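User: I'm new to this structure and would love a close look at one part of it. Could you pick out the charged side-chain pairs and show me the setting around them?

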Amino acid sequence: ISMIGLAGTLDGANTGGPGAGGSNQSLAYMSVEDTVRCIRENRDHVVGVKTLLSRPISDDGRTEAATYAMALEASGEAGVPLMTHHSMSSIPIEECPGHLRPGDIYTHCFHGFETTIMDSEARKVNSAVHEAHKRGVIFDIGHGAGSFNWTVAEQCWAEGLRPTTISTDIWTSTNVGPCYDLPTCMTKMLAVGMPLVRASHWFYDGATAA
């Protein structure tokens, strides 16, 4: 949803360069109208809307609520899914993934940072997460550099909450560890309890899990 995208997050936030503070630092970087027009003019390339919901790249959380609302509106108006990266966020679990629609994607679903889907005190997955899963929100692993937490993954499995898709979120900093590659991500799911035949298809349908 941010016009400067990851360029602002990775370069600006880390180096103090252009866009310092991150992709959602200013709402001036975002426009529902422009996003929808861009999608409609590029249907052969654009498959959805993505937003990063995280305080460090959102003016310490002050722009997060508006960013999320605009991303939901733009994706809904354009008729495409919304993918959310939701960690260290001021947006509560009850809203994300709580307000996501069937077909929307909640990536990095097993991270263990602040705003993880597991209630650390109760040691259970938040009920809003189960409700989102049941209504068709896609839960994607998105392993990345630090978005796979064994405790969260094992608790989700114990409660019957299965990831819909296995993905690496691989890039130049994760291909040398801890992500490495897709087989490594698949193997971690085998260790949690996923049947080999499901993991080998890179797709898991929790609704039909034995």
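Analyst: Here is a walk through those pairs, followed by the sheet.

This is a predicted model, in which local features need pLDDT of at least 70 and side-chain atom pairs count only at pLDDT 80 or more, while totals for chains, interfaces and linings use all residues. Residues are numbered from 1 along each chain as its sequence is written, and side-chain values use heavy atoms, leaving out hydrogens and water.

Four salt bridges are counted in the model (a Lys or Arg side-chain nitrogen within 4 Å of an Asp or Glu carboxyl oxygen). Let's visit three of them, including the pair R37 and D34, whose closest N and O atoms are 2.8 Å apart. Both belong to helix α2, which spans residues 32–41; they sit three residues apart there, so about one helical turn separates them. (Helices are DSSP runs of H or I with at least four residues, strands runs of E with at least two, numbered from the N terminus.) R37 is partly exposed at 40% relative accessible area, and D34 is partly exposed too, at 31% (buried is under 20%, exposed over 50%, partly exposed in between, with a 1.4 Å probe and protein chains only).

E114 and R55 make another salt bridge, with 2.9 Å between the closest N and O atoms. E114 comes from the loop between β3 and β4, and R55 from the loop between β1 and α3, so this pair ties together parts that are 59 residues apart in sequence. E114 has 42% relative accessibility, which makes it partly exposed; R55 is also partly exposed, at 26%.

A further salt bridge joins the side chains of R62 and D59, at 3.1 Å from N to O. R62 is exposed, with 59% relative accessibility, whereas D59 is partly exposed at 23%.

Now for the sheet. Two of the strands just named, β1 and β3, belong to an open sheet of four strands with parallel pairing, ordered β1-β2-β3-β6 (strands pair if DSSP finds at least two bridges between them). At its edges stand β1 (49–53) and β6 (138–139); each has a single partner strand, so one side of each is left without a neighbour in the sheet. Further in, β2 (residues 82–86) runs parallel to β3 (residues 105–107), and three bridges join the two. To find this pairing on screen, look for H85, which stands opposite T107 in β3.
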